[in-house]
Amino acid sequence: MTGEFERQHGFAPGTNEVRLASRDDQAAARTLAQAILIPADLVTFYVCIGDVTWADIGNGYFLDPASDVLLRLHHYGAVDLGADQKVHGLVIGSNGGGLSYAVGPDGSVHRTRTASLDEPELDKVADDLRQFLELLEQSLTRFVVGGEPGSL
């Protein structure tokens, strides 16, 4: 199976996992919940899930651990989600191709158009975390069935 993957994609398979949250992850999730207004669904996610690493699905899909989200928030602050720059969100992951995913206080998930977070242009990709996770699952299914991860 590994040889077949490498022949088809040109590289050896990497890590692909949904890691359950450890006690440290859960503590970081609680700290994140107190640090900034974030959707309850995101806190619930981080209390259960430590991180998501799907390195082999297209360029990859990555949902960072809560501790990394906290560190990024501490060092760089929240990212502006709206053109009016009155709505701020948290960067929670990336697509492995340089684009980042950010969640807004209303739970909506946005993707950057470029790799820069300095003055990001974002597109809304999901109304809430549940829809975003469903889109990730669809991308995984598309990749397993046909080798194409989609455009998420």
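Me: How many helices and strands are there in the chain, and in what pattern do they follow one another along the sequence?

Reply: A useful way to begin is to count the elements and then read their order. In this predicted model, the chain has five helices and eight strands, and read along the sequence they follow the pattern α-β-α-α-β-β-α-β-β-β-β-β-α. The radius of gyration of the chain is 16 Å, close to the 15 Å that the globule rule gives for 152 residues, so the chain is as compact as a globular protein of that length. Along its principal axes, the C-alpha trace spans about 45 × 35 × 25 Å.

Me: What percentage of the residues count as buried, and what share of the contacts joins residues 24 or more positions apart?

Reply: Burial and contact separation can be read side by side. Of the 152 residues, 40% count as buried. Among contacts with a separation of 6 or more, 44% are made by residues 24 or more positions apart. The accessible surface comes to about 8600 Å², and 50% of that surface belongs to carbon and sulfur atoms.

Me: How many positive and negative side chains does the chain have, and how far apart are the centres of the two sets?

Reply: Here one reads both the counts and the placement of the charges. The chain carries 11 positive and 22 negative side chains, while the centres of these two sets lie 3 Å apart.

Me: Turning to single residues, where is the place of A102, and is A102 buried or exposed?

Reply: For a single residue, one can ask for its element, then its accessibility, then its contacts. A102 sits in strand β6, and with a relative accessible area of 2%, which is under the 20% cut-off for burial, A102 counts as buried. Leaving aside neighbours within four places in sequence, A102 is in contact with V79, L81, L90, V91, I92, S108, V109, H110 and L122. By way of a distance, A102 and A66 are 36 residues apart in sequence, and their C-alpha atoms are 13 Å apart in space.

Me: H110 appears among the contacts of A102; in which strand is the place of H110, and with which side chain does its own side chain make a polar contact?

Reply: A contact can be followed from one partner to the other. H110 belongs to strand β7, which covers residues 109-112, and H110 is buried, with a relative accessible area of 11%. Its side chain makes a polar contact of 2.9 Å with the side chain of S108. Beyond the neighbours within four places in sequence, H110 is in contact with L81, S100, Y101, A102, L122, D123, K124 and V125.

Me: How should I read a residue in a loop, and where is the place of N95?

Reply: The same steps serve for a loop. N95 is found in the loop between β5 (88-94) and β6 (100-103), and N95 is buried, at 12% relative accessible area. The side chain of N95 reaches the backbone nitrogen of G98 at 3.4 Å. With neighbours within four places in sequence set aside, the contacts of N95 are N59, G60, Y61 and Y101.

Me: In which loop does D64 lie, and which side chain does a polar contact join to that of D64?

Reply: D64 lies in the loop between β3 (61-63) and α4 (66-76), and D64 is buried, with a relative accessible area of 15%. A polar contact of 2.7 Å joins the side chains of D64 and R72. R72 is also one of the contacts of D64 outside the four neighbouring places in sequence, together with Y46, G50, D51, V69, I92 and G93. D64 and Y101 are 37 residues apart in sequence, with their C-alpha atoms 10.0 Å apart in space.

Me: For the end of the chain, are L136 and S151 buried or exposed?

Reply: This is a case for setting two accessibility values side by side. L136, in helix α5 (residues 129-146), is buried at 3% relative accessible area, whereas S151, in the segment after α5, counts as exposed because its relative accessibility of 64% is over the 50% cut-off. Leaving aside neighbours within four places in sequence, L136 is in contact with W54, Y61, L63 and L152, while S151 is in contact with R111 and R142. The C-alpha atoms of L136 and E121, 15 residues apart along the chain, are separated by 21 Å, and those of S151 and T141, 10 residues apart, by 13 Å.

Definitions and conventions:
Residues numbered from 1 in each chain as written. Predicted model: local features only at pLDDT ≥ 70, side-chain atom pairs only at ≥ 80, totals over all residues. Heavy atoms only, no water. Helix = DSSP H or I, 4+ residues; strand = E, 2+ residues; numbered from the N terminus. Buried < 20%, exposed > 50% of the residue type's maximum accessible area, 1.4 Å probe, protein only. Polar contact = N/O pair within 3.5 Å; in protein donor to acceptor, adjacent residues only side chain to side chain. Contact = heavy atoms within 4.5 Å. Rg over C-alpha atoms; globule rule 2.2 N^0.38 Å. Areas by Shrake-Rupley, 256 points an atom, 1.4 Å probe, with all protein chains shown as cover. Lys, Arg positive; Asp, Glu negative; His and termini not counted. Charge placed at Lys NZ, Arg CZ, Asp CG, Glu CD.
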